[in-house]
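Reader: Please take one part of this model and go through it closely. Give the cut-off behind each term when it comes up.

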Amino acid sequence: MRVGMDLFWREVRRGQRLVLTVGEGGEEEEVGGVRVTKRGFDAFAKTFGYEPGRAEKGIPSMDEAKTFVESFRPWEL
């Protein structure tokens, strides 16, 4: 019986997505992501409601972009 929560980065075509699985069924929900662009990396975190600072463009590295997304701690919502 699974009741915990897992959080992991999944490779996608143009970047990575932060995925949360919760509960017995292991249902997945994307809570953020990073996309590779010509200018660097675009990052976003999913939030409830409108939060203008939840996305940023032109981040210089993948690690910095992932840190930006994780700073919103979307799994706590």
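Author: A residue is called buried under 20% relative accessible area, exposed over 50% and partly exposed in between, with a 1.4 Å probe and protein chains only. By that scale Asp42 is buried, because its relative accessibility is 7%. This is a predicted model, in which local features need pLDDT of at least 70 and side-chain atom pairs count only at pLDDT 80 or more, while totals for chains, interfaces and linings use all residues. Numbering starts from 1 along each chain as its sequence is written, and side-chain values use heavy atoms, with hydrogens and water left out.

The part chosen is Asp42 and the sheet around it. Asp42 is found in strand β4, which spans residues 40-45; strands (E, at least two residues) and helices (H or I, at least four) are DSSP runs numbered from the N terminus. The side chain of Asp42 reaches the backbone nitrogen of Gly58 at 3.3 Å, a polar contact (N or O atoms within 3.5 Å, one able to donate a hydrogen and the other to accept it; neighbours in sequence count only through side-chain atoms on both sides). Gly58 falls within β5, residues 55-59. Leaving aside residues up to four places away in sequence, Asp42 touches Gly33, Val34, Arg35, Thr37, Glu56, Lys57 and Gly58, where touching means heavy atoms within 4.5 Å. Of these, Gly33, Val34, Arg35 and Thr37 belong to β3 (27-37), and Glu56, Lys57 and Gly58 to β5 (55-59).

Those contacts fit the strand order. The sheet is open, has 5 strands in the order β1-β2-β3-β4-β5, and is paired antiparallel; two strands pair if DSSP finds at least two bridges between them. β1 and β5 are the edge strands, each with a single partner, so one side of each has no neighbour in the sheet. From one strand to the next the twist averages 20°, taken between axes fitted to C-alpha atoms, with angles from 0 to 180 degrees between N-to-C directions.

From the edge at β1, the pairs run as follows. β1 and β2 are antiparallel over 8 bridges, and the hairpin that joins them has 2 residues between the strands. Beside that turn, Val12 has Gly15 of β2 as its bridge partner. Further along the pair, Trp9 stands opposite Leu18 in β2. β2 is largely enclosed by the rest of the structure, because 6 of its 8 residues are buried.

β2 and β3 also run antiparallel and are joined by 8 bridges. Their hairpin has 4 residues between the strands, and Gly23 in that hairpin has a positive phi near 80°. Val22 has Glu27 of β3 as its bridge partner. Leu18, already met opposite Trp9, has Gly32 as its partner in β3.

β3 and β4 pair antiparallel over 6 bridges, with a hairpin of 2 residues between them. Gly32 stands opposite Ala45 in β4. A row of bridge partners can therefore be followed across the sheet: Trp9 to Leu18, Leu18 to Gly32 and Gly32 to Ala45.

Gly32 also leads to the helix. Its C-alpha is 6.2 Å from that of Val69, although the two residues are 37 apart in sequence. Val69 lies in helix α1 and is buried, because its relative accessible area is 0%.

Helix α1 covers residues 62-70, and among its buried residues are Met62, Ala65, Lys66, Phe68 and Val69. These residues sit on the same side of α1, because they cover an arc of only 155° around the axis; the arc is that of the directions from the helix axis to the C-beta atoms. Asp63 and Thr67, on the other side of α1, are exposed. The cover over the buried residues of α1 includes β1 (5-12), β2 (15-22), β3 (27-37), β4 (40-45) and β5 (55-59). The strand that holds Asp42, β4, is thus one of the elements covering the buried residues of α1.
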